[in-house]
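Reader: I am new to this structure and would like a close look at a single part of it. Please begin with one loop, and then lead me from there to whatever lies around it and beyond.

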Amino acid sequence: MNLVTEKLREVLLSVLPITIIVLILHFTITPMERPLLLRFLIGAVLVIIGLSIFLAGVDIGITPIGNIMGSTLAKTNKFLIVIIAGLILGFFISIAEPDLHILGAQVSFVSSGVVSKWLIVMIVSIGIAFMLSLGLGRILYNFPLYKLLTFIYGIILILSIFTSPEFLAISFDASGATTGALTVPFMLALAMGVSHLKKDSKSSEKDSFGLVGIASSGAIIAVMIMSILSKTDRITATLEVDTEVSESIIAPFIEKIPQISFEIILALAPILIIFLIFQKISFKLSKKSVRKILFGVLFTFIGLVIFLVGVNAGFMDLGTVVGYKIASLDNKVYLVIVGFALGLVTILAEPAVYVLTHQIEDVTSGYVKRKVVLIFLSIGVGFAVALSMIRIMVPEIQLWHYLLPGYIISIIMSYYVPKLFVGMAFDSGGVASGPMTATFILAFAQGAADAIESADVLIDGFGMIAMVAMAPIIALQILGFVFKTKSKKGGVESDVA
């Protein structure tokens, strides 16, 4: 219980800012109906409780499974075994990720079934599986991350020329959706398990990061290839935002519990089954250790259900209404300012961001402080949401106007930044776009797009996650430059260089 109390204190500080901003908006420019505001406040309490339990569960259950599995794979030192294991793990973890199912359902809904949910889920999972195995192989054979990323994003750049604007947005959004609250802790632990067997501690430190970034690029490539091969014509979207609010307060929360519980069971099952098979064949952990891990998995399940019920039933409707109301104001500057503020604080409540920032601090033995990483991440995501609001307001600005220069800058920076920060940065891109972003911020963007006549809900709404996934890559590499400059001024070469 001490672990949960410790997490509760930190999570409280993460969720309070977004609650305060919503209350300020309510009492100033966008007064909201009482049931909607009460649901949001109940949702905030559930998010705090759920996130605390979930993070304690990850520490006790998910992280140890990933670490043990990673080190067991590395001990075999056989490329074929690592690749096959990567393909299996990547596919089953991705296909069960709740965020991916949410994205698939949204794409199917707004495209009137032209692109089915399961097509998106299957295609993305195949892409993730392929790239996860490639990422594990890279760690094992010490191939430089920045060179591999240059090659991967070179392919993405070529494919983007032949991809329609709608699928360009969906493909980049898919990369964020697959690296959700459950897959990220497992992938980070897997990378750490494989890299820690290296004799070179510096190399081990660097290779603890980068796997999430590589895996998430598989989703982008897979959706782009699907778009090109299927030769799907322009798909149109309609999404009427209902600003009429249900009077019911508790019912929406109760309604969400069965569906979300089923999705989380589906998501946890592959990890649990693979662990139990490995335990029988290879791990041979003590009964006490197995019991502790299973208890951790149960905590993860309970916490994630409470968290997602709070986000989906308490935050989503409010996000849409706030976006719609602010975009309807005469002064559109408010939309950009509020977008920046929401991006700034929403990232603090993302479960996977919490896990990544703690791992960064642990792996670097406190040299790279968690709070510093969070500040740079927050500012990056704040700018991403603000720029997305400008894109919604100005029809001439297209998504690729941001993404193309953004990713070119990211790749160029990776050649000059300390290599530890390259892995962290590309991991943070996938991590930043979690359930809070996929629900609250996306709903805010879609509400704004619906209120502005020149905006397209499909292109402008879906491109939001793509922007949130790109901004942290640049932000953390800027942080890398700061550390590099500091180490040079100090007259010593830092360990991160």
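Author: Asn-142 is a good place to begin: with a relative accessible area of 45% it counts as partly exposed, because that value falls between the 20% and 50% limits that separate buried from exposed. Please keep in mind throughout that this is a predicted model. Asn-142 sits in the loop between α5, residues 117–141, and α6, and its phi is positive, about 60 degrees, although the residue is not a glycine. Most residues other than glycine have a negative phi, which is the reason to pause at this position.

Another loop offers a second case of this kind. Ser-365, a residue other than glycine, has a positive phi near 50 degrees, and it lies in the loop between α14 and α15, the latter covering residues 370–393. Ser-365 is exposed, because its relative accessible area is 68%, and exposed here means over 50%.

From the loop of Asn-142 we can go on into α6, residues 145–161, which supplies at least two residues of the lining of the second largest pocket, as do α7 (165–178) and α16 (399–414). The contribution of α6 is the greatest, at seven residues. The pocket holds about 370 Å³ of space, and of its 19 lining residues those closest to its centre are Ile-156, Leu-157, Ser-160, Leu-403 and Leu-404. Sorted by class, that lining consists of 13 nonpolar and six polar residues, with no charged ones.

Enclosed spaces can be considered next to this open one. Three cavities of 30 Å³ or more turn up when the whole structure is searched, and the largest cavity contains about 60 Å³ of space. Its lining includes Tyr-153, Ser-175, Gly-213, Tyr-407, Phe-426 and Ile-473. Helices α10 (211–230), α17 (419–432) and α19 (457–489) each give at least two residues to that lining, and the largest share, four residues, comes from α10. In this cavity the lining has six nonpolar residues, six polar residues and no charged residue.

To finish, we may turn to the start of the chain and follow α1, which covers residues 2–27. Its 26 residues, at 1.5 Å a residue, should span 38 Å, and since its end C-alpha atoms are 37 Å apart, the two values agree. The helix nevertheless bends by about 30 degrees at Val-15, with a proline, Pro-17, following within four residues. Val-15 is among the buried residues of α1, which also include Val-4, Val-11, Ser-14, Ile-18, Ile-21 and Leu-25, together with Lys-7 and His-26. Among the elements that cover these buried residues are α2 (34–76), α12 (287–327), α13 (333–346), α14 (351–363) and α18 (435–451).

One residue shows such a meeting of parts in detail. Thr-346 belongs to helix α13, and it counts as buried because its relative accessibility is 2%. Apart from its neighbours within four places in sequence, Thr-346 is in contact with Ile-18, one of the residues of this list, and also with Met-436, Thr-437, Phe-440 and Ile-441. Ile-18 is itself one of the buried residues of α1, and α13 is one of the helices that cover them.

Note on methods. Residues are numbered from 1 along each chain as its sequence is written. This is a predicted model: local features need pLDDT of at least 70, side-chain atom pairs count only at pLDDT 80 or more; totals for chains, interfaces and linings use all residues. Side-chain values use heavy atoms; hydrogens and water are left out. The expected span of a helix is 1.5 Å times one less than its number of residues. The bend at a residue is the angle between axes fitted to the seven residues ending there and the seven starting there. Buried means under 20% relative accessible area, exposed over 50%, partly exposed in between (1.4 Å probe, protein chains only). Contact means heavy atoms within 4.5 Å. On a 1 Å grid over the protein atoms alone, a cavity is a set of points where a 1.4 Å probe fits but cannot get out, and a pocket is an open set with protein on both sides within 12 Å along at least five of seven lines; lining residues have an atom within 4 Å of a point. Grid points are joined across faces, edges and corners, and a volume is the space filled by probe spheres set on the points. Ala, Val, Leu, Ile, Met, Phe, Trp, Tyr, Cys and Pro count as nonpolar, Asp, Glu, Lys and Arg as charged, and the others, Gly among them, as polar.
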